[in-house]
Amino acid sequence: MTLGEAPLVCVAEPGYADYRRERAVLAPLDARVEAIAAEQDLPRLLATHRPAALLVRERQIDAAVLAAAPDLKAVVRYGVGVDNVDLETAREKRIYVANVPDYGAEHEVSELAVALYLAVSRRVIQRDSSVRAGRWGVGQAEPIPGRRSATLGLIGFGKIARAAVGKFRALGFKRILVSDPALKAAGAAALDVERAELDQLCSEADVISLHAPLVPATRHILDRRRLALMKPEAIVINVARGGLIDETALVEALASGRLYGAGLDVFEEEPLAAENPLLKASNIVLSDHAAWYSETAVDVLQRKAAEEVLRVLSGKPPLNWVNPW
């Protein structure tokens, strides 16, 4: 970008159906918004186009990408997690990194957590396949345990997990265990949940739903040892980050009958490779990292992400600045 030229904002796809919301928000700057498709060489194109800002969902924004964009002033993540952005390198280069933690998708994400639980618990996918294949009255050949007065375990207790509590309670869950170092005793009491050490939660919960960020301390927080602590009828739900679970250990536990099932919207590597063993497990329900999605959520998310870019390109710090210096 040269002096006096309208700023360029690049979107690192896969992204959205269109970018009219971003263009509308950035219209006061006469900014151009261009998408860089997933199959395109991101560093090369950034070096060629020299954008002032980058909007990103899941693509990795590492040191090589940041080095390729000398005019870059901001990277804004469509969503909450920023584990795909090299925050330290961005800080060194005085590139603002911001996220959108308040776009309202806690309701969408918590809905999918419950939907995955019900699909796994009631064997919805298997029943559908059986009916289509001409099988009927499977009944006790594929047992479904009752879960009245069950215990829910939540790993992480931010907005999404809190939104999930009411939905699971409506299904009859009576006891809610929470493992989150930020949860204080007074807060737990006010919300009628119990603080629990992670090992205790794994041992006592009937359903475990993950809602933690992915940081070094939480990578594979559900490892082989903790999966072995769980009840044989337990269900694991992950709508947070794939790296929270040791997927190899999870597949082994499911294949051996050590766990009843799992519902996964996120994975260590996305999209799933054709040979990924998760695809062959009959007691896993899979989704394509879509828990955040509704048209309402998309509208708010695109607008708020663009507003962060507008702030930076107008000479202000972003509202949700995650790599302060």
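1. Strands, as the term is used in this note, are DSSP runs of at least two residues, numbered from the N terminus. With that convention, Pro271 belongs to the loop between strand E11 (261-264) and strand E12 (284-286). The peptide bond that leads from Glu270 into Pro271 is cis, with omega near -5°. The model under review is a predicted one.

2. A cis peptide bond also joins Glu13 to Pro14, here with omega near 15°. Pro14 is placed in the loop between strand E1 (8-12) and helix H1 (20-25).

3. On overall architecture, the protein chain contains 12 helices and 12 strands. Its radius of gyration is 22 Å, close to the 20 Å that the globule rule gives for 325 residues, so the chain is as compact as a globular protein of that length. The C-alpha trace spans about 70 × 50 × 35 Å along its principal axes.

4. Regarding packing, buried residues account for 52% of the 325 residues in the protein chain. Of the contacts with a separation of 6 or more, 63% are between residues 24 or more positions apart. The protein chain exposes about 15200 Å², and carbon and sulfur atoms supply 54% of that area.

5. Charged side chains deserve a separate point. The protein chain carries 40 positive and 43 negative side chains, and the centres of these two sets lie 4 Å apart. Side chains of opposite charge can pair when their charged atoms come close. The structure holds 19 salt bridges, of which several are described below.

6. Arg241 and Asp83 form one salt bridge, with their closest N and O atoms 2.9 Å apart. Arg241 sits in the loop between strand E10 (235-238) and helix H11 (247-255), and Asp83 in the loop between strand E4 (74-77) and helix H4 (87-92), so the pair ties together parts that are 158 residues apart in sequence. Arg241 is buried, because its relative accessible area is 14% and the cut-off for burial is under 20%. Its partner Asp83, at 36%, is partly exposed.

7. A second salt bridge joins Arg169 to Asp192, where the closest N and O atoms are 3.7 Å apart. Arg169 is in helix H7 (residues 159-170), whereas Asp192 is in the loop between helix H8 (185-190) and strand E8 (194-195); the pair therefore ties together parts that are 23 residues apart in sequence. Arg169 is partly exposed, with a relative accessible area of 28%, and Asp192 is exposed, with a value of 57%.

8. Arg175 and Glu194 also meet through their side chains in a salt bridge, at 2.9 Å from N to O. This pair links distant parts of the chain, with Arg175 in strand E7 (residues 175-179) and Glu194 in strand E8, 19 residues apart. Both partners are partly exposed: Arg175 has 27% relative accessibility and Glu194 has a relative accessible area of 33%. Glu204 joins Arg175 and Glu194 in a network of salt bridges.

9. Backbone geometry calls for two further remarks. Arg94, although not a glycine, has a positive phi of about 55°. Arg94 is found in the loop between H4 and strand E5 (96-98) and is partly exposed, with a relative accessible area of 47%.

10. His220 likewise has a positive phi, near 55°, in a residue other than glycine. The position of His220 is in the loop between strand E9 (207-210) and helix H10 (224-229). With a relative accessible area of 27%, His220 is partly exposed.

Notes
Residues are numbered from 1 along each chain as its sequence is written. This is a predicted model: local features need pLDDT of at least 70, side-chain atom pairs count only at pLDDT 80 or more; totals for chains, interfaces and linings use all residues. Side-chain values use heavy atoms; hydrogens and water are left out. A salt bridge is a side-chain nitrogen of Lys or Arg within 4 Å of a carboxyl oxygen of Asp or Glu. Helices (H or I, at least four residues) and strands (E, at least two) are DSSP runs, numbered from the N terminus. Buried means under 20% relative accessible area, exposed over 50%, partly exposed in between (1.4 Å probe, protein chains only). The radius of gyration is taken over C-alpha atoms; the globule rule is 2.2 Å times the number of residues to the power 0.38. Contact means heavy atoms within 4.5 Å. Accessible areas come from the Shrake-Rupley method with a 1.4 Å probe; for residues, only the protein chains shown count as cover. Lys and Arg count as positive and Asp and Glu as negative; His and the chain ends are not counted. The place of a charge is taken as NZ of Lys, CZ of Arg, CG of Asp or CD of Glu.
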